[in-house]
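Please read the following walk through a protein model with the coordinates open beside the text. The paragraphs move from the annotated span to the sheets, the helices and the ligand.

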Amino acid sequence: MVRFTNIGLRYPEGRGQWALSGLDFLLETGSFTWLLGPSGAGKSSVLGLMHLAVRPTAGRMEVLGQDVARMRRGALPGLRRRIGVVFQDYRLLPHLNAYENVALPLRIQGLTEQRLRADVTEMLRWVGLLERADAAPASLSGGEQQRLALARAVVARPALLVADEPTGNLDGAQARRVIALLREMHRLGTTVVVATHSEALPEEYPAPALRLEAGRLLSHG
Ligand SMILES: Nc1ncnc2c1ncn2[C@@H]1O[C@H](COP(=O)(O)OP(=O)(O)OP(=O)(O)O)[C@@H](O)[C@H]1O
């Protein structure tokens, strides 16, 4: 569950401008939600708040049932580990191969090679990249890198998955493949939020949508 109550966000370097203001919404556990709006509307900012990269300037935010402002700072990493993120620019580690990129979140959790191998292999197979396990990210196509980023985001079985323009640089077939994977995560019970400026995707895959404009919520439904 994700609940925003009168959330406002002003970036320190934002010259006093509110990037987001007065946001109120509730996303139920296990829901799939589109986050829509033109460039600069605030989609990445909303996702940044949800995955705890940014703290709200105003309002109250609950993520996975936890009131983030009231949490001890020491408890934040534990909550963060339950959130998977697919970044707009993938953020794959260039010096690690595909397998190691996916293994990383599990290594950080202290899992041994023996314990993580089955999960990493399953994830690479799920996104259709098992044959490319040894490949460097730079040698993969845009669609393959996007799917690798998705495998890394979900390998630790997050309760919440947020994806920022996950089809932004992909052609129609690749985009549909990525959306099918995101929808499968939803079907398996994960709460999924997908930001896009595309109007076509939500038409093709109808689901509730948060519609933003200039940092404000236009509609939710
Ligand atoms: N780190 C930052 N510092 C200052 N201002 C920022 C920062 N990040 C975003 N902004 C501002 O916040 C507003 C919302 O930006 P945001 O990136 O969230 O929009 P977006 O809808 O995700 O856009 P896009 O589709 O282009 O990624 C914009 O006015 C932007 O300039």
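What follows is an account of a predicted model, taken one part at a time.

An unreviewed UniProt entry lists residues 2-221 under "domain: ABC transporter". In the model, this span is 33% helix and 25% strand, and its end C-alpha atoms lie 15 Å apart.

One of the sheets is open and consists of four strands in the order 2-1-4-5, with antiparallel pairing. Strand 2 and strand 5 (66-67) stand at its edges, and because each has a single partner strand, one side of each is left without a neighbour in the sheet. Within this sheet, strand 1 and strand 2 run antiparallel and are joined by five bridges, and leucine 9 is found opposite leucine 20 in strand 2.

The loop between strand 1 (2-9) and strand 2 (20-27) holds proline 12. Is this proline 12 buried or exposed? Proline 12 has 6 other C-beta atoms within 10 Å, and since a residue counts as exposed at 12 or fewer, proline 12 is therefore classed as exposed. Although proline 12 and threonine 57 are 45 residues apart along the chain, their C-alpha atoms are separated by 9.8 Å.

A further open sheet has six strands in the order 6-7-8-3-9-10, and here the pairing is mixed. Its edges are strand 6 (83-86) and strand 10 (216-220), each of which has a single partner strand, so that one side of each is left without a neighbour in the sheet. From one strand to the next, the twist averages 20°. Strand 3 (residues 32-36) pairs with strand 9 (residues 209-213) in the parallel sense over three bridges, and in this pair leucine 36 stands opposite arginine 211 in strand 9.

Helix 1 packs on this six-stranded sheet, where it touches strand 3, strand 7 (160-164), strand 8 (191-196) and strand 9, and its direction makes about 155° with that of strand 8. Helix 1 (residues 43-50) also lies across strand 1, strand 2 and strand 4 (58-63), running at about 120° to strand 1, so this helix has to be considered with both sheets. Helix 5 (residues 142-154), for its part, lies across strand 6 and strand 7 and runs at about 170° to strand 6.

The ligand remains to be described. Which residues come nearest to the ligand? Of the 13 residues around it, these are Tyr11, Ala19, Ser39, Ser44 and Ser45. Sorted by character, the shell around the ligand divides into three nonpolar, eight polar and two charged residues.

Notes. Residues are numbered from 1 along each chain as its sequence is written. This is a predicted model: local features need pLDDT of at least 70, side-chain atom pairs count only at pLDDT 80 or more; totals for chains, interfaces and linings use all residues. A residue is near a molecule or strand if its C-beta atom, placed from the backbone, lies within 6 Å of it. Ala, Val, Leu, Ile, Met, Phe, Trp, Tyr, Cys and Pro count as nonpolar, Asp, Glu, Lys and Arg as charged, and the others, Gly among them, as polar. Helices (H or I, at least four residues) and strands (E, at least two) are DSSP runs, numbered from the N terminus. A residue is buried if 20 or more other C-beta atoms lie within 10 Å of its own, exposed if 12 or fewer, and partly exposed in between; C-beta atoms are placed from the backbone. UniProt positions are given in the numbering used here, feature names are shortened, and annotations may be inferred rather than shown by experiment. Two strands pair if DSSP finds at least two bridges between them. Two residues are in contact if their C-beta atoms, placed from the backbone, lie within 7 Å. Axes are lines fitted to C-alpha atoms, for helices over the stretch in contact, and angles run from 0 to 180 degrees between N-to-C directions.
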